Amino acid sequence: MKRNLLAMGLLLALIMLFASFSFAEVKNPDTMILATIGGPESMDPHWAYDTASGEVIYNCYDNLINYKGESTSEFVPMLATEVPTVENGLIKDDGLTYIFTIRKDVKFHNGDILTPEDVAYSIKRALIFDRAGGPVWMLFEPLLATHSIEEIAVELAGVENYSDLFENGDTRGELKSNYKDAMVKVVTDYVNKVVEVDGNNVIFHLAQAYGPLLNILAHSGSWASIIDKKWAIEQGAWDGQADIDTWWKYHDPVCENDPLYAIENGTGPFVLKKWVPEEIVMLERFDDYWQGPAKVKNVQIKGVAEWTTRKLMLQTGDADLAYVPIQYLSEVKRMEGVRVIENLPTLSNVVSMFPWTINAESPYIGSGKLDGKGIPADFFSDVHVRRGFSYLFPYDIFITKIAKGQAIRNSGPIPKGILGFSDDPSLFYDFSIIKAMEEFKLAWDGELWEKGCEFNIFYNEGNDTRKAAVDMLATYAKMINPKFKITPVGMPWSAYLKAFLTETLPIFTIGWLADYPDPHNWVPVYMGSKGDYSSYFGEVYKEFAEKNVDPLTEKALKETDHVKREEIYKELLKIAHDQAISLYIYQPIGHHVERAWVKGWYYNPIRPGVDFYSLSKSE
Amino acid sequence: MLAYIIRRFLLLPIIILGVTFLIFCVFSLLSPMERLATYIHDPSTLKNPQSVERLINKYHLDDPFPLGYINWLKRIVRLDLGWSQTANQSVWDAICQRFPATLELVLYSIIPVILVGIWLGVISAVHHNDMLDQTIRVTAIIGWSLPTFVFGLLVLFIFYGILDWLPPGRLSSWAQDIVYASSNFHSYTHLITIDALLNGNISIFLDALRHLIAPIITLSYISWAFLLRITRSSMLDTLRKDYVRTARSKGVDEHTVIHLHAKRNALIPVITVAGMMIIGMLGGVMITETIFTYPGLGFWAATAAQQLDSGSVISFALLFATLMIVGNLIVDISYALIDPRVRLE
């Protein structure tokens, strides 16, 4: 028996010794391997709006300008030779004209030389492409003061819907002949006029002064990537003509009909070698890169859904970088040869919203009356209800216990790191049961406190953090008044989405990830009358926002002085606080995990992923 | 027999029509806004104004059920299976990419399942209730009752995490470079081990095999444990039959009694189960594939179902129904070959 035990002990020791040798040296020295979840949707810069696609496109394409290292407010030139400013005369006409001088001798991956025509074509093709649910709306706002090319076509043709322009209403079918002139004008009178080539310059003509334009054009999102016109046309993309080959056939395609869906030809530091969807993206160094070749020869981005597998890949050195969910961070902190970088502020936040008017047909508001068995559809239109819930949420406990300290609080819709963020204590609601009780007693002329309420609050299934948030709210509500019966319910994403779109959710919790680091990407979303979320708050809120919020957001957008802009946003934050428009739960803090042999990583929260150009591997 | 096979194949379109009709019925219970979840994984997609209406129109999410089904049938006639929103490629490409991987895994898993399952089942029955039987039964019970994800993670942890012998995935990084991106490597069958041999590249063959071992162990252990129990019961039942007793009483040696008289009869129910089990494995390897990051069919199908990706789910059902019917047919034919009493009419 003793001999057996000794043998087993020796075997175990040998195994451990073997295991320790297994990551003593740099594995795959020429290849940087990232193990992550999910995969890209498309390689077409004008389609991609997910971070996985953005990460690949970021490393294969260049933009006109780039963010300077870790900064989200300073720019450096990229394919342009200078960053336009009012001082250097490249921003003119009160912010309505931007001039970019294009860098010479830059090569695309196929050897073509970059020209100003390529830049103009890239922007115009984006406007034509404009897929539903895609990112190009960001270019429409500054360049054409609208949201999509369909809006322009509809207006020019004088029809109600875009589908009215086509035979049988089929937008992929034949255009009705009487609308052809109007459709041609969309390009000749609008698209062609917003970007023009003048010698080696590309000039942008804006429809309105637009503070965040440079952010939108900078190298963080895929939508302003510069593509090779000649190559794109050869692949079957829009030919750049207004009427010869009918631009509308290139507008809003389905993914399978997009000729650039699986290929690339950028000027970036890496070339797409192979993409096996949902399995692997393989990139290879572009030796003719205008800034000099990257340090690593190959990059592999692997889709590894299972956490344990990713962890073991990191442990054995088969992955150099890995996506680690917050709940598993402690497991990798103990791992030998692994570096964990924490406290990285993200440009995202999670907010619980109170629609002032819920769809009266909502099945989630009980009796639909304030009788203790339900709530009226306009329950949250009373500011005291909203304030009551704002005081009722245990922010600090949530951040400590649920977010494991990896989150901070926001006073309003603007997260930390964005112009206009404020940590003024007077703009925060602190957890206070007494103050919550006071507010609830004032709500609905005291009727709410007396009769109580009953309704459901929802979270999307699988999101444990949001579940914890709504559980806490429900628990404390019952604690202060047993007549407050709030039931948390988990919903599959499809049902949650439907309930959100049909305005039947009494409180909905949702997050927002920055497109570009400017408050205009946040405040209108959560507070504007046409906001992506606040437009679902009902008519009463819409009227309130039109009067109190929209004029300020418009003023801030057009203001070029940063100090004055900041003041306007502070005013908006005060409105958000005083009206308790939403419950600003938290701004996540990120982390990064890599093998210690990875060198050169830096953090810029607006990047869609890893900048592989900066990385190398060495002991 | 030929007439029987033709008859069975003629049934295929009817069964497929039935299966797809049922799935379409289920999907039609969802509202257009629920179906939108296939295209909107994240609320950020809603940033594009009017995107909800545009997406519903673009993907015909509000088409009434009969119209949607007829349009789908028209596409199928043109051999167009549509687009998989979850695989980010056409459904056909997704199947072509993933099916060979799963097939390779299942084909290699069949060997231990059949050999070990049947062999141990016979031994267990022959040594009924003695120590060997008890040991085999306990091993089988462990295999049968151990959840795949627990056993798989255990295998992964020991053989990869500690020993670094059996890595996950289908190939190592260096091998992926050659197989996926080199013009010198030709994919004839898309079964990497076979292709590696056909290309004369032994190192790729060994690397692919190394990646297959852990998923094979995981996948086959549970299956052979189940087959062992079936074989053992069937064998015990057969060994108690009169004709076996008669053979023994006539002085036929034990080896002949077991392997010639008893085993052949005992295997008839086993073949039914084994045939269906192999077909089932093609569609049910999701957990094994997920744990070992093995890029097969099962993981994709499950993700597609969760995300209401109707195009992928229906195509997967089509493929699986076809496999089931063909598999059933093969089982029936094997019946006739093994048991001369069975005639396919």
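## Exercises on a predicted two-chain model

In chain A, β6(A) and strand β7 (residues 201-205) run antiparallel and are joined by four bridges. Keep in mind that this is a predicted model.

### Exercise 1: the sheet

Work out which strands of the open sheet in chain A stand at the edges.

*Solution.* Start with the strand order, which is β4-β5-β7-β6 (chain A), four strands with antiparallel pairing. Next, look at the ends of that order: β4 (91-92) and β6 (195-198) of chain A each have a single partner strand, so one side of each has no neighbour in the sheet. Those two are your edge strands. To zoom in on β6 and its partner, pick Val195(A): its bridge partner in β7(A) is Phe204(A).

### Exercise 2: the domains

Find how many residues each domain of chain A puts into the contact between them.

*Solution.* First mark the bounds: the domain assignment gives domain 1 (63-253) and domain 2 (348-590) in chain A. The C-alpha centres of these two domains of chain A lie 36 Å apart. Now go to the contact itself, which takes 11 residues from domain 1 of chain A and 11 residues from domain 2 of chain A. Then sort the domain 1 side by class, and you get five nonpolar, six polar and no charged residues.

### Exercise 3: chain A against chain B

Which element of chain A gives the most to the side that touches chain B?

*Solution.* Begin with the overall contact: 52 residues of chain A meet 46 residues of chain B. Several elements of chain A supply at least two residues each to that side, including α1 (2-21), β1 (31-36), α9 (307-316) and α16 (493-501). The top contributor is α16(A), with six residues. Sorted by class, the chain A side has 24 nonpolar, 16 polar and 12 charged residues.

### Exercise 4: the cores

Name the residues with the most contacts inside the largest nonpolar core, then look around one of them.

*Solution.* The largest nonpolar core has 250 residues, and Leu139(A) and Leu473(A) have the most contacts inside it. Helix α10 (residues 202-239) of chain B gives the most to this core, with 15 residues. Now take Leu473(A): leaving out residues up to four places away in sequence, Leu473(A) touches Phe389(A), Leu392(A), Phe393(A), Ile457(A) and Ile486(A). Finally, there is another core of 14 residues lying apart from the largest one; among its members are Leu81(B), Trp83(B), Leu297(B) and Trp300(B). As background, nonpolar side chains in soluble globular proteins tend to be buried together.

How values were computed. Residues are numbered from 1 along each chain as its sequence is written. Chains are lettered from A and ligands numbered from 1 in the order in which they are written. This is a predicted model: local features need pLDDT of at least 70, side-chain atom pairs count only at pLDDT 80 or more; totals for chains, interfaces and linings use all residues. Two residues are in contact if their C-beta atoms, placed from the backbone, lie within 7 Å. Ala, Val, Leu, Ile, Met, Phe, Trp, Tyr, Cys and Pro count as nonpolar, Asp, Glu, Lys and Arg as charged, and the others, Gly among them, as polar. Domain bounds come from an automatic or database domain assignment. Two strands pair if DSSP finds at least two bridges between them. A nonpolar core is a set of buried Ala, Val, Leu, Ile, Met, Phe, Trp, Tyr and Cys residues joined through C-beta atoms within 7 Å. A residue is buried if 20 or more other C-beta atoms lie within 10 Å of its own, exposed if 12 or fewer, and partly exposed in between; C-beta atoms are placed from the backbone.
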